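These are my notebook entries on one protein model. I looked up a few features in turn and wrote down what I found for each.

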Amino acid sequence: MPHRAIPLAEKIFQGFESYIRSFNTYTELAPLYFKERNWAATQLNHKQRLRLYKDLLFQLVEEFRKMLGDDADKREIWTLIRQHYQESIAERPDIELAETFFNSVIRKAFPGMSSDEELMYLMEGHSSCEIFSTAELLNSYPSSMGLDSIIRKILDDYDFGAPLMDKEADIQFLIQSVKEVILTRYNPGPETTTQILKSVFYRNKAAYLIGRTYLGHKWMPFIIPILHGPKGVFVDTLIFDPNIMSSLFSFTRSYFMVRAEIPSQVVAFLSSVIPHKKTHELYNAIGFNKHGKTLFYRDFLLHLAQSKDQFVIAPGIKGMVMTVFTLPSFNVVFKLIKDHFEPPKNMTRQEVREKYKLVSLHDRVGRMADTHEFEYFKIPLDRLSPELLQELKNTTNSLLKTAGKHLIIKHLYTERRMTPLNIYLENCSTEEGNQVAEDYGRAILQLAQANIFPGDMMTKNFGLTRQKRVIFYDYDEIEFLTDMNFRAKPKAETYAQIYASEPWYDIAKNDVFPEDFRRWMIGRSDLKEHFLSYHQNLFDPEHWKKIQQRILKGELIHAFPYPDEIRFRPEEKV
């Protein structure tokens, strides 16, 4: 058996090397497409990189099963494979990613296995490290250069392959921002220095420089968004607000394209810039979402060991398609697809899974929650409330099995817990409600601009982040906007039509009548009038058709992840 383990371990290692090479190839195309303003290629490149891990893993596991034959479920050979694999990855700068790749292979090739501390890299940790202040990682600018020279040097150091639209204006915008926000509060000294990651972060139509300045005995982070419009490359703004910076790296946004020779170093620097983000969220943000999933699971196990509360049914209206539960002390919900759907839902479980896959590959534009998909997820039985256990048996029994003192869930999704919008609107003030209702409408329109039609747009299917941002999280009826047929309702002309109990006109499957949205989108009377007035476009089929036409013409409608009012040139188009 030992002689078989070595080639199998080498096979996994070669698969990992192939994944990293391909991942980097896709990543390195991002600056080229930004230079060319090739937004269609940008989107396709992003989706291809997202598909890469599973596609490569599927091929590798098929080969592995043939090589293993009847030994696929024998622990002895897997133990030997892991020993040899460990020797191969021990000196790699991305060892944490290599460990996760091994976990993925063993989970797929050893069917039905839940987490196993002996065979998997379950609690081995490379989740944090100190930043090596090396010239390979960072560009540094001492205060002795002077503000004007620092700004000019930064713009010289980052070449986006196309001419700046107005370099002198960019320099003055940046200088003025630093003076207004920083130099009114702090005086730079000899110890003051500015550091910016050499790697540029690309997403959609934007590129981002991530940096920090040591001032006032602390590091002050900042982000510089760069856009490439028809007139050239330009600096769009300078962000110091920690909430906006956090939002840029939100679980509701697509992953960045950024070169990371040593991923843990990039993550360590990001942790210093956005300290409230968990390590797994930052790995997600730079595209290593499979390792982010590993780190999330480690966080979950640690939290489970340090807490005593019970898992309970999630608050809010129970869904027709998903059973949702949570651990009150852990900021996550767990979602299972029900065995049977109540009318009018008539889809299959596989169709629901396809909807979640669609979202995972699509631009989430800051309005859809990211999820992690798990198989054979293990939870101690004594941590489940009796009500929840009964609900799971009643609605998802086919996904459950018991193993000793644990409940094994064959398939579930995890997602950041948010306050259900309907619950928030029941208890908030009129002023708070109006602000959130406005953002509810904005969320729907921004999803439309990303070619997503939510389907069921009732408030129970949306949640609020801690920053009161409205997020859509119920995907079972999601469709591409371009597949929908937006119509004005025909006017009744006869007595029979006026008093008909059913629609007297033909309605096709994908027909949508936006004027009907008025009836149910906001229920509270003190909020409804303001909402209907503020978002009149929502109820106009022609407005939806115009968005469709822009998308069908190939336009990528850029969703700015920061307010228009902080842009240097809010009128400038991309």
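**Entry 1: a buried asparagine**

I began with Asn103, which is buried, with a relative accessible area of 8%. The cut-off for calling a residue buried is under 20%, so Asn103 qualifies. I note here that the model is a predicted one.

I then looked up where Asn103 sits, and found it in helix α4, which covers residues 95-109. Which residues does Asn103 touch, not counting those up to four places away in sequence? I found Met120, Tyr121 and Thr294.

I also checked Asn103 against Arg65. The two are 38 residues apart in sequence, and their C-alpha atoms are 15 Å apart in space.

**Entry 2: the nonpolar cores**

Next I turned to the largest nonpolar core, which has 67 residues. Which of its residues touch the most other members? I recorded Trp78, Tyr85, Phe101, Phe201 and Phe249. Helix α1, residues 2-36, gives the most to this core, namely nine residues.

Another core lies apart from this one; it has 55 residues, and Met322, Ile452, Ile471 and Leu538 are among them.

I followed up Tyr85 by listing its contacts, leaving out residues up to four places away in sequence. Tyr85 touches Ala9, Ile12, Phe13 and Phe16, and also Ala98, Phe101, Phe102 and Tyr121. Tyr121 had already appeared in my first entry, as a contact of Asn103.

**Entry 3: strand β2 and its partners**

I looked up strand β2, residues 193-197, and asked how many of its residues are buried. Four of the five are buried, and the strand is mostly covered.

I then searched for the partners of β2. Strand β1, residues 138-142, runs antiparallel to β2, and five bridges join the two. Within this pair, Leu138 has Leu197 of β2 as its bridge partner. Strand β4, residues 206-215, also pairs with β2 in the antiparallel sense, here over four bridges. In this second pair, Gln195 stands opposite Arg212 of β4. As a general note, strands of a sheet pair through backbone hydrogen bonds, either parallel or antiparallel.

Arg212 deserved a closer look. Is Arg212 buried or exposed? Its relative accessible area is 7%, so I recorded Arg212 as buried. Its side chain makes a polar contact with the side chain of Ser272, at 3.0 Å.

Just before β4 I examined Asn204, which lies in the loop between β3 (201-203) and β4. Its phi is near 55 degrees, a positive value in a residue other than glycine. Asn204 has a relative accessible area of 19% and is therefore buried, since the limit is under 20%.

**Entry 4: an open sheet of three strands**

In what order do the three strands of the open sheet stand? I read the order as β15-β17-β18, with antiparallel pairing. β15 (419-420) and β18 (470-472) stand at the edges; each has a single partner strand, so one side of each is left without a neighbour in the sheet.

Two bridges hold the pairing of β15 with β17, residues 462-464. Pro420 has Gly463 of β17 as its bridge partner. Helix α14, residues 430-449, lies across β17 and β18 and runs at about 40 degrees to β18.

I also looked at the loop between β17 and β18, where Lys468 is placed. Lys468 has a phi near 65 degrees, again a positive value in a residue other than glycine. With a relative accessible area of 42%, Lys468 is partly exposed.

**Entry 5: a hairpin and a cis peptide bond**

I looked up the pair formed by β12 (residues 400-403) and β13 (residues 406-409). The two strands run antiparallel and are joined by four bridges. Ala403 stands opposite His406 in β13. Their hairpin has two residues between the strands, and Gly404 takes a positive phi near 65 degrees there.

My last search was for a cis peptide bond. Which residues does it join? It joins Pro343 and Pro344, with omega at about 10 degrees. Pro344 is located in the loop between β9 (332-337) and α11 (349-361).

How values were computed: Residues numbered from 1 in each chain as written. Predicted model: local features only at pLDDT ≥ 70, side-chain atom pairs only at ≥ 80, totals over all residues. Heavy atoms only, no water. Core = buried A, V, L, I, M, F, W, Y, C linked by side-chain atoms within 4.5 Å. Buried < 20%, exposed > 50% of the residue type's maximum accessible area, 1.4 Å probe, protein only. Contact = heavy atoms within 4.5 Å. Pairing = 2+ DSSP bridges. Axes fitted to C-alpha atoms, helices over the stretch in contact; angles between N-to-C directions. Polar contact = N/O pair within 3.5 Å; in protein donor to acceptor, adjacent residues only side chain to side chain.
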